[in-house]
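Student: I have a model open and want to learn how to read it. Where do I begin?
Tutor: Take one feature at a time, and put each question to the atoms.

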Amino acid sequence: MSRIGVFVCYCGENIGRTVNCSEVTQRAAKLRDVVYSVDYKYMCSDPGQQIIKDAIKKYNLNGIVVASCSPLMHEKTFRHAVVEAGLNPFLCELANIREHCSWVHDDKRNATDKALDLIRMMVEKVKKNLPLDTIKIPVTRRALVIGGGVAGIQAALDIADGGKEVVMVEKSPSIGGHMAQLSETFPTLDCSQCILTPKMVDVNSHKNIKLYTYSEIENVKGYIGNFEITIRKKTRYVDDSICNGCGICIEKCPQKKINSEFNTNLGTRKAIYVPFPQAVPNIPVIDKENCTYFKNGKCKVCEKFCDRNAIKFEQTDEFIKENVGAIVVATGFDLYSIEKERSDNYQGYGEYGYGKDPDIINSLQFERLLSASGPTLGEVTRPSDGKIPETVVFIQCVGSRDKSKGIEFCSKICCMYTAKHTMLYKHKVHNGKAFVFYMDIRAAGKNYDEFVRRAIEEDEAIYLRGRVSRIYREKDKLIVKGADTLIGKQVEIAADLVVLATAMLPQKDTVPFAQKLGIGYDKYHFLSEAHPKLKPIETNTAGIFLAGACQAPKDIPEAVAQASAAASKVLGLCSNDQLEREPYVAYVNESSCIGCEFCLQSCTYSAIENKSIVNSKGELVKKVAYVNKGVCQGCGTCVSICRSKSIDLAGYTDEQIYSEINSMFV
Amino acid sequence: MNYGYFPGCSLHSTAREFNISTKAVCSSLKINFTEVEDWICCGATPAHTTNHDLGLALPYSNLQLAAQQGFDTLVAPCAACYNRLKVSDFEIRKSDEKKNRIHEITEDKTEADISILHLIEFFKNDFGIEEIKSAVKNPLVGLRVASYYGCLLVRPNEIVNFDDEENPTSMDEIVSAIGADALDWSHKTECCGAAHAIPKTEIVLQLCKKLLQAAENSSADCIAVACPLCHANLDMRQNQINKTFGTKFNTPILYITQLMGLALGYGANDLSLQSHFVDPIKLLTRKNLIPQLEKMNREN
Amino acid sequence: MEEKILTSQFEPKIASFVCTWCTYTGADLAGTSRLKYEPNVRIIRLPCTGRIDYNLIIKAFENGADGILVSGCHPNDCHYSSGNFYARRRFIVFRELLQFIGIDVRRVQFAWVSAAEGAKWAKLVNKFTSEIKDLGQFTNYQKIKRDIFLEEAVI
């Protein structure tokens, strides 16, 4: 038997001005099953809440309708009050007679009638409300960080410093990411290695961090608080538990002329190698493709010289399982490949001749030329003949902001690093001339615009506003044809070196990776945040967070900030043994479920699984749907898709909604 | 596929050799094109620079003719005709209001749902580069060809989009297929000055000089074109350029179909090679690339 | 055809099914912005348009609704990523069904109103209310219902 109380709020004059609250209260008292009805000036105030609490006890109410403002405003307030009076919070509903009634209507009669309608609907609904319990999920209080670039490193260190265990997985042989490849960083020109390598060492030596390099995520199962991760530890052919990183194997390897990925193909490495001297961990990898032993069956020089017997040619991929409660994705970015179309429909810039002429390079290659640890030890020379370039042309927005090439977004960091490049170049080649073709200079950030001005005013970089149509060689020079739109003329510059500021793209295999994790991605395959403004760290899958350039182009401070934010989310999640969440989740009526699996397909969150029902002899009776309450987000799509009406959504059950509809019009 | 052929005015006059060589190539490759009956001028540059509707109506009435004659695809060798036909088709598909207006102007309500191909586009996408390759009897080994696309063949990209508008390669693919060396050169899509040849000749001379210079820098033996106007400017005015600038260019300008014709075994006369101002025959003879037709006929 | 009652007093009854994240919040915004709109609409708040079983709409007609407004997040803005796409897809089929059984599909409208579009919500309600006023009271439902029952009886 329902005993409903209706509490009508004036909200000062906000409701009372248009809605005749006392009339509404009186009429509400006559509604079926309403045993108590009262109005008050400010129902959300302390005395207002006290009225509700007292009435619940006095009239033994088992359903509460507060006719006031939007539930998005004060539902929590009133439910809290209801709990204090000993009632289940989900037996309290709000009738929105302010935002949806008094504020939007002028006519008193209409508004008053409508207010009563809204109350009646809620009275009918609340009769069908069931007491619900918040859902509690156990939490594995450790985290996985995917990606060992600066974002991943920061997130891992923050979580580990917060006292929780971290598993870090990095696909390449060393952590460090793109930042390890950079020379100096804007806007302070401090050396990238100097600020990053200490953090890399910290990761390796931190007692709370378990580091898997040269490893990839094979599989992800489970849900927030309870993920089960399978990690594929790729074959290094070097036993990392024995190797002490002495480097004799590298020294003795006869295969010398392999393009070094770390040096963006401007330098070489051996077939057994560490990507760069400061690599963490300092354990070599054998490049199977180029190893003489793997190609010809003979050599094994490294094995002979290794006095610890750490070389293991018979090693195979290893699979490791780890349980974590949260995941930080920090997989970073990739560069747009200028010379050719990628498989994903981006059109290249054939007219710029990248890949055809060695003196046309991309910005990351220029970073390596500038870097003191780079292939030229920091001397800026042309890749073709080692000459010091006297004129360098920098072209911004190569790929970015170019609809016809498939990328409409701004890569954000190129304006800044190009300004940095002109400065560093000028600091090394004093008589050199740096030209920059740009579309707009986007230097929004602390000390950023000042930095660009310095490049122009102090280091005399010549900025030309316009695009380049073509680059071609004429004898010793590269002719750069472009437009200077500020003077309205075409310009031709004879350059020694051309540097293309290429667009940032997500890592190549982001789509299958995102599908593995069950998180969203945008049309460029950047990973999607749950809300562009209010949930920039979360993904749509609870318990998985984003950090760094995998979400969108970002510079180092932004990537680090987001990483720390993700770490704080993880620490928040891991600070409790159990998670609590609203109980608006789907549930299945197993006796009527026909096991058609429509709901399985419709669920965005893969929250629905199959469950077998067996009899006492262990024989299969039937298969039914089963909702994982930890994963279900409560959208209700499965409910409307169910043919046998066997699945329903707590808080928004069919019964509740039909009751609203049936009482909507009198 | 029922292919209609739209030669356009140039191919019946100044660019006769383009028409002749196209027909020769098609007959050798057993390509069946039927010339659209009663076709009219596409309007070229004069029409669209004087009146927008006229610039759309002239090409469109050709499309209507083609549709009435049962063609579903129209192939145009002239880059300008191709461009005008494509633009007209694009604009009219976009807006019903425009279509109705043009229907009124042409006094014809025929819906012209026709796809328009440039000859090169046809060879590349419909016929197939591999097929051309396998039909070659006289590979043009050692001939260094700079393929010149000009403005109209590949631009604007949203309307004519069979190739990269900044760095097109389809003509180069054909050049490679017939055994010649396709040069990656700098001025593939620079403008030749086009119709400025009449009112402001000096512009054309200046631009064509740059083109010829760039071709020479890449050590090209000849330039391949697919546009009658590009051809006229580069070929007919080469002497004038030499006089004006004191240069010594002697670069034959050949239609891509003439090169294809040579590779398919036709002789100089069959392809009207003698009708150019800059004589290509000397070059081709020196390189031993003109097939001896009589000899080949005997062998067959 | 449909019987029309075209009197000046006719105030249509409009039921609206909206998602809580976008349109309900948008309607709240219309309120906080003090935008005025017709008082004919009654909103039912759901977590997502994906939750809208189209039986709910039929039920609303049965209860005397003259028009039904369904609104949720814009495509790609769904809080649950794709609930609104499910709703839209099913709505397309549902419209066909309505047409088939003889209900004027103009009486059911599907819209996207985001949490920021308070003004759009107000405009939408006004426009839809006036359209339904033009269409007149919806009496056909009872007639269709009768026909269907009769048919079933004959069979």
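Student: Which residue does a disulfide join to A:C191?
Tutor: A disulfide is a covalent bond between the sulfur atoms of two cysteines. Here the partner of A:C191 is A:C194, with 2.4 Å from S to S. Keep in mind that this is a predicted model.

Student: Why is the disulfide of A:C191 and A:C194 right-handed?
Tutor: Look at the torsion about the S-S bond. For A:C191 and A:C194 it is about 90 degrees, so the disulfide is right-handed.

Student: How many disulfides are there over all chains?
Tutor: The count is 2.

Student: Next, the chains. Which chains share the most contacts?
Tutor: Start with who touches whom. There are 2 pairs of chains in contact, and chains A and C share the most contacts. That interface brings together 45 residues of chain A and 44 residues of chain C. Chain B and chain C do not touch. Their nearest C-alpha atoms are 25 Å apart.

Student: How do I judge the interface of chain A and chain C by area?
Tutor: Ask how much surface is buried, and which atoms give it. Between chain A and chain C the buried area is about 3800 Å², with 57% from carbon and sulfur atoms. Then look for the main contributors. On the chain A side, A:H100, A:W103 and A:F665 supply 17% of the area buried against chain C, more than any other three residues.

Student: And the charges? How many salt bridges are there between chain A and chain C?
Tutor: There are 6 salt bridges between them. One of the bridges to inspect pairs C:R45 with A:E75, whose closest N and O atoms are 3.1 Å apart. Polar contacts are a separate tally. Across this interface, 19 residue pairs are in polar contact, both residues at pLDDT 80 or more.

Student: Which element gives the largest share of the side of chain A that touches chain C?
Tutor: Map the contact residues onto helices and strands. Several elements of chain A each supply at least two residues to this side, among them α3 (71-84), α5 (108-128), β34 (647-649) and α18 (654-662). The largest share, 6 residues, comes from α18(A). By class, this side of chain A has 18 nonpolar, 17 polar and 10 charged residues.

Student: What does the interface of chain A and chain B look like in the same terms?
Tutor: Go through the steps again. Contact involves 13 residues of chain A and 12 residues of chain B. The buried area is about 1000 Å², and carbon and sulfur atoms give 32% of it. Chain A and chain B have 3 salt bridges between them. In one of the bridges, the side chains of B:D184 and A:K356 meet at 2.9 Å, N to O. The polar contacts come to 5 residue pairs, both residues at pLDDT 80 or more. On the chain A side, strand β24 (residues 468-474) gives the most, with 4 residues. That side divides into 1 nonpolar, 5 polar and 7 charged residues.

Student: Now inside a chain. Which domains does the assignment give for chain A?
Tutor: Check the bounds, because a domain can be made of separate segments of the chain: domain 2 is 142-332 + 511-573. The others are domain 1 (4-128), domain 3 (335-505) and domain 4 (586-650). For spacing, use the C-alpha centres. Those of domain 1 and domain 3 of chain A lie 65 Å apart.

Student: How far apart are the C-alpha centres of domain 1 and domain 2 of chain B?
Tutor: They lie 24 Å apart. The assignment puts domain 1 at 3-118 and domain 2 at 133-299. Their contact takes 23 residues from domain 1 and 25 residues from domain 2.

Student: Can a domain contact be read like a chain interface?
Tutor: Use the same list. Domain 1 and domain 2 of chain B bury about 2000 Å², with 73% from carbon and sulfur atoms. In domain 1, B:E17, B:F18 and B:N83 lose the most area to domain 2, together 26% of what that side buries. The salt bridge count is 0. There are 5 residue pairs in polar contact, both residues at pLDDT 80 or more.

Student: Which element gives the most to the domain 1 side?
Tutor: In chain B, α1 (8-12), α2 (16-28) and α5 (79-94) each give two or more residues to it. The most comes from α2(B), with 9 residues. By class, the domain 1 side has 14 nonpolar, 7 polar and 2 charged residues.

Definitions and conventions
Residues numbered from 1 in each chain as written. Chains lettered and ligands numbered in written order. Predicted model: local features only at pLDDT ≥ 70, side-chain atom pairs only at ≥ 80, totals over all residues. Heavy atoms only, no water. Contact = heavy atoms within 4.5 Å. Buried area = accessible area lost by both parts, 1.4 Å probe. Salt bridge = Lys/Arg side-chain N within 4 Å of Asp/Glu carboxyl O. Polar contact = N/O pair within 3.5 Å; in protein donor to acceptor, adjacent residues only side chain to side chain. Nonpolar A, V, L, I, M, F, W, Y, C, P; charged D, E, K, R; others polar. Domains from an automatic or database assignment. Disulfide = S-S within 2.5 Å.
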